Amino acid sequence: MALNYRPVPGLIEIREARGETTVVVDPARLVDAAYHVRDELGFDFLADIAATDYLGWGGDGVSGYIGTDRGRDINRPMTQGFQSLPTPKPKRFSVSYHLLALRDDHTRVRLQVWVDDGEPVPTVVGVWPTADWHEREAWDLMGVAIDGHPNLERILMPEDWVGHPLRKDYPIGGEPVRFSSAE
Amino acid sequence: MAIAPERAKIYDGTRIPSPIPSILEVPAHLRGNDDILTVNFGPNHPSTHGVLRLVVDLDGEEVVGVKAVIGYLHTGFEKSMEQKTWWKAITYAPRMDYVSFQYQELCFVLAIEKLLGIEVPPRATWMRMLLSELNRIHSHLVWLGTAALELGAISMFWYCFRERDRVLDLFELVTGYRMHTRYFQVGGLAEEIPPGFFPECERFVELMPGAIDDYEGLVDRNPIWLERTRGVGLLSREDAIALGQSGPVLRGSGVDWDLRRREPYLAYDQVDFRVPVYPAGDVYDRYRVRMDEMRESVRIVEQALRRMPDGPWIADDRKVVLPPRHELHTSMESLIHHFKIVTEGYRVPEGEVYLPVESPRGELGCYLVSDGGPRPWRVKFRAPSFVALEATATCMSDALVADMIAVLGSLDTVMGDCDR
């Protein structure tokens with residue numbers, strides 16, 4: 001049964017690819033959209049929230065860089081560039097809510113919002129309580145500004161950590177290694 | 001920015017704490033009471049299955065507040081995987097959930113295959129199913145052994161680890177490694193199945209049902225076991241769904257949901273198995289679900305052994321799959337392909353996928369984004385242990401100190417999976 005996503009509040013785009021449906025909505029109306037898909041379309045199960053940083057998307061084909069002491073980037077682009085340039089993305093971050101309807105026709109949908117750095121994404125903890133930790137993780141590792149979360153603290157990184165490690169501008173190898181020969 | 005308008009929250013009227021679903025706060029009338037004792041449970045405690053810290057507020061023996069603190073095993077696997085080529089990143093996946101390592105591998109490989117749109121030969125599909133079901137037995141044995149050990153059933157641990165060792169022997173026979181096998185390759189398997197595996201595996205299939213009877217004989221009518229597991233750690237059907245619980249925890253709360261049945265992947269639509277569902281939502285029912293699942297897994301392994309198709313074990317796609325070793329000496333083209341795949345890696349078409357599989361701990365999902373290059377742009381795992389720990393506050397809302405151990409055990413969390 002094909003579900004009708006047209007009436008979802010704040011709808012921007014519906015994409016179908018590889019058998020998966022992505023419903024892109026306006027972040028300002030995310031909570032309305034969430035209530036709509038939960039109550040009208042039956043998506044009662046939030047499986048996952050995945051934030052992605054698209055900084056440098058379609059650039060050198062390099063994901064992050066490996067810095068050395070002298071600032072050299074040893075993770076240079078591969079021997080070839082892209083065979084075709086990837087489609088540009090509307091904003092820097094995407095946040096994807098992977099939803100599932102626990103019923104016989106087991107439908108899945110990906111609710112997606114696009115935001116720039118610092119642009120708030122309203123919390124959906126009131127809609128799906130399981131979003132609690134997923135949103136904390138999105139903030140902790142990706143720095144997505146979750147708005148209205150009852151307990152927005154770091155979850156995987158230590159409380160006093162600076163920066164958001166899964167961002168593309170966060171270097172790998174930037175952390176000093178203790179007891180190494182350089183010390 | 002407008003916060004959620006006032007509407008009925010899904011957890012109004014349930015046992016899920018509000019407003020923070022994952023933290024049980026000390027009730028107002030007990031706050032400031034000198035008798036409330038705040039205890040750090042973990043991070044290094046033998047029954048926390050890794051390094052989990054629970055900050056527990058106790059009123060005598062009663063748990064009145066609980067907060068789970070995680071992240072002690074965070075290693076940044078997802079970030080590391082972005083730096084590797086697709087096929088080198090496969091090695092990282094099993095290190096997250098080190099107890100159900102093959103599911104991690106399977107999930108990641110299936111997700112890459114979905115992006116690539118590559119056809120996998122039936123022999124590889126059936127072997128993947130066979131090995132991952134063996135892995136489910138392995139995972140449940142580790143769970144049963146340790147969870148029972150924590151409740152005082154020490155001998156159970158030795159019996160479970162005896163059979164677990166046999167499973168690991170089988171893995172070693174096929175892949176050369178006992179854990180973190182890295183046997184699943186994009187397109188199929190890394191190597192042909194050694195012929196000696198089949199008789200050994202048949203012996204295991206014959207032995208295992210009797211072994212499960214033994215375990216049940218040890219605890220099923222044991223009054224201490226029943227006393228400590230029945231009616232403890234309650235999670236209702238609605239709470240379990242709202243908290244995103246999956247796998248045995250969800251099925252132990254009376255929800256008939258198994259991805260192998262509902263969204264069949266591999267060859268699960270061609271084998272006969274039962275999905276155990278129990279209604280009470282307590283520790284005992286989660287135990288029952290896992291015991292039944294072990295029996296069903298043995299049945300699936302038995303069917304896979306009997307019906308293992310012949311034919312190639314890896315797809316014949318030279319842009320993705322390494323060419324056979326012997327061709328490297330005779331064919332220039334194979335050598336070039338080999339060189340390109342090993343150095344540069346294969347390219348995966350642009351796109352995003354989310355692929356769920358039913359791991360022993362529940363829905364294990366892999367969200368991948370590719371920019372069309374040889375390395376993943378984003379890898380995100382939906383870790384069932386991470387989600388299971390969100391339920392601690394709800395499950396422990398009327399628990400005693402001793403019940404905490406039983407509840408935590410019954411959620412079957414692996415901290416490597418949780419923290420990634």
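User: I'd like to learn how to read burial. Is B:Phe41 buried or exposed in this model, and why?

Analyst: Happy to help! B:Phe41 counts as buried because it has 21 C-beta neighbours inside 10 Å, and 20 or more are enough for that label. Keep in mind that this is a predicted model.

User: Where in chain B is B:Phe41 found?

Analyst: Look at strand E2 of chain B, residues 36-41, where B:Phe41 is found.

User: And which residues is B:Phe41 in contact with, once its sequence neighbours are left aside?

Analyst: The idea is to skip whatever lies within four places in sequence; B:Phe41 is then in contact with B:Arg53, B:Leu54 and B:Val56. You can also compare sequence with space: B:Ala68 is 27 residues from B:Phe41 along the chain, and their C-alpha atoms are 9.4 Å apart.

User: Now helix packing. At what angle do H6 and H11 of chain B pack?

Analyst: For a pair of helices, start with the angle and the distance between axes. Helix H6 of chain B (residues 197-219) packs against helix H11 of chain B (residues 283-307) at about 160°, and their axes are 10 Å apart. H6(B) is therefore roughly antiparallel to H11(B), as angles over 145 degrees count that way. The crossing of H6(B) past H11(B) is left-handed.

User: Which residues make the contact?

Analyst: From H6(B), they include B:Phe198, B:Val205, B:Met208 and B:Ile212, while H11(B) gives, among them, B:Met291, B:Met294, B:Val298 and B:Leu305. Sorted by class, this contact of H6(B) with H11(B) has 11 nonpolar and 4 charged residues, with no polar ones.

User: Let's turn to chain A. How many helices and strands are there?

Analyst: Chain A has 2 helices and 7 strands. Read from the N terminus, their order is β-β-α-β-β-β-β-α-β. For burial across a chain, use a share: 39% of the 183 residues in chain A are buried. For contacts, take those in chain A with a separation of 6 or more; 59% of them join residues 24 or more positions apart.

User: Finally, how many residues does each chain bring to the contact between A and B?

Analyst: Chain B brings 54 residues and chain A brings 51. On the chain B side, elements giving two or more residues include helix H1 (77-83), strand E7 (351-359), strand E8 (362-370) and helix H13 (384-390). By class, that side of chain B has 25 nonpolar, 10 polar and 19 charged residues.

How values were computed: Residues numbered from 1 in each chain as written. Chains lettered and ligands numbered in written order. Predicted model: local features only at pLDDT ≥ 70, side-chain atom pairs only at ≥ 80, totals over all residues. Helix = DSSP H or I, 4+ residues; strand = E, 2+ residues; numbered from the N terminus. Buried ≥ 20, exposed ≤ 12 C-beta atoms within 10 Å, placed from the backbone. Contact = placed C-beta atoms within 7 Å. Axes fitted to C-alpha atoms, helices over the stretch in contact; angles between N-to-C directions. Parallel < 35°, antiparallel > 145°, perpendicular 65-115°, else oblique. Left-handed = near helix turned anticlockwise from the far one by under 90°. Nonpolar A, V, L, I, M, F, W, Y, C, P; charged D, E, K, R; others polar.
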